Amino acid sequence: CPYLLGNFRRIPSLSLPSLPSMGSFPSMGSMGGSRYYEVQEGDSLCTIAGCYNTNWADLMDKNAETIENPNVIFPGDKIKIR
């Protein structure tokens, strides 16, 4: 048993997977003082809201003129964050 006192054996080191760099996340643009996020495949208002410390209803209110249904957004859509 390698764990008994006096019987030492080298345990291989663990390698952890690397995290994505900040450069791999979509950027948030700005237009006239407002901040916008470009929807990526798999996004929902809830996941986007979580990334920007807000809630989906707040995003829906800010985007009421462009989003009819909060459950239906498409990649490439621009979501107003601020």
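In which helix do Asp58 and Lys62 both lie, and how many residues apart are they? Both belong to helix H2, where four residues, about one turn of the helix, separate them. Their side chains form a salt bridge, with the closest N and O atoms 3.2 Å apart. Neither end of the pair is hidden away: Asp58 is partly exposed, at 26% relative accessibility, and Lys62 is partly exposed too, at 29%.

That pair sits in a predicted model, so a look at the whole chain and at its confidence comes next. The protein has 82 residues, and 17% of them count as buried. Its secondary structure amounts to two helices and three strands, arranged along the sequence as β-β-α-α-β. The accessible surface is about 6,700 Å², with carbon and sulfur atoms supplying 55% of that area. As for contacts between residues at least 6 apart in sequence, 47% of them link residues at least 24 apart.

Confidence varies along the chain. The mean pLDDT is 76, and 61% of the residues reach 70 or more. Among the elements, H2 has the highest mean pLDDT, at 95, while strand E1 (residues 28-31) has the lowest, at 57. Two stretches fare poorly. Residues 1-5 stay under 50 in pLDDT, and the model gives them four contacts beyond four places in sequence. Residues 19-25 are also below 50, with one contact in the model beyond near neighbours in sequence.

Now to the inside of the protein. The largest nonpolar core has eleven residues: Tyr37, Val39, Leu45, Ile48, Ala49, Leu59, Met60, Ile67, Ile73, Ile79 and Ile81. Two elements give two or more residues to this core, namely helix H1 (45-51) and helix H2 (56-62). H1 provides the largest share, with three residues. Val39 offers a view from within the core. Leaving aside residues up to four places away in sequence, Val39 touches Ile48, Ile73, Phe74, Pro75, Gly76, Asp77 and Ile79. Among these partners, Ile48, Ile73 and Ile79 are themselves members of the core.

Back to charged side chains: the count of salt bridges comes to two. Besides the pair in H2, Glu38 and Lys78 meet in a salt bridge, at 3.5 Å from N to O. Glu38 lies in strand E2 (residues 34-38) and Lys78 in strand E3 (residues 78-80), so this bridge ties together parts that are 40 residues apart in sequence. Glu38 is partly exposed, with a relative accessible area of 34%, and Lys78 is partly exposed as well, at 47%.

Finally, the cysteines. A disulfide is a covalent bond between the sulfur atoms of two cysteines. The structure holds zero of them. Cys46 is in no disulfide, and the nearest cysteine sulfur, that of Cys51, lies 10.0 Å away. Since a disulfide here calls for sulfur atoms within 2.5 Å, that separation rules the pair out. Cys51 is likewise unpaired, with the sulfur of Cys46 as its nearest, 10.0 Å away. Both cysteines count as exposed: Cys46 has 52% relative accessibility and Cys51 has 63%.

Notes: Residues numbered from 1 in each chain as written. Predicted model: local features only at pLDDT ≥ 70, side-chain atom pairs only at ≥ 80, totals over all residues. Heavy atoms only, no water. Core = buried A, V, L, I, M, F, W, Y, C linked by side-chain atoms within 4.5 Å. Buried < 20%, exposed > 50% of the residue type's maximum accessible area, 1.4 Å probe, protein only. Contact = heavy atoms within 4.5 Å. Salt bridge = Lys/Arg side-chain N within 4 Å of Asp/Glu carboxyl O. Areas by Shrake-Rupley, 256 points an atom, 1.4 Å probe, with all protein chains shown as cover. pLDDT = per-residue confidence, 0-100.
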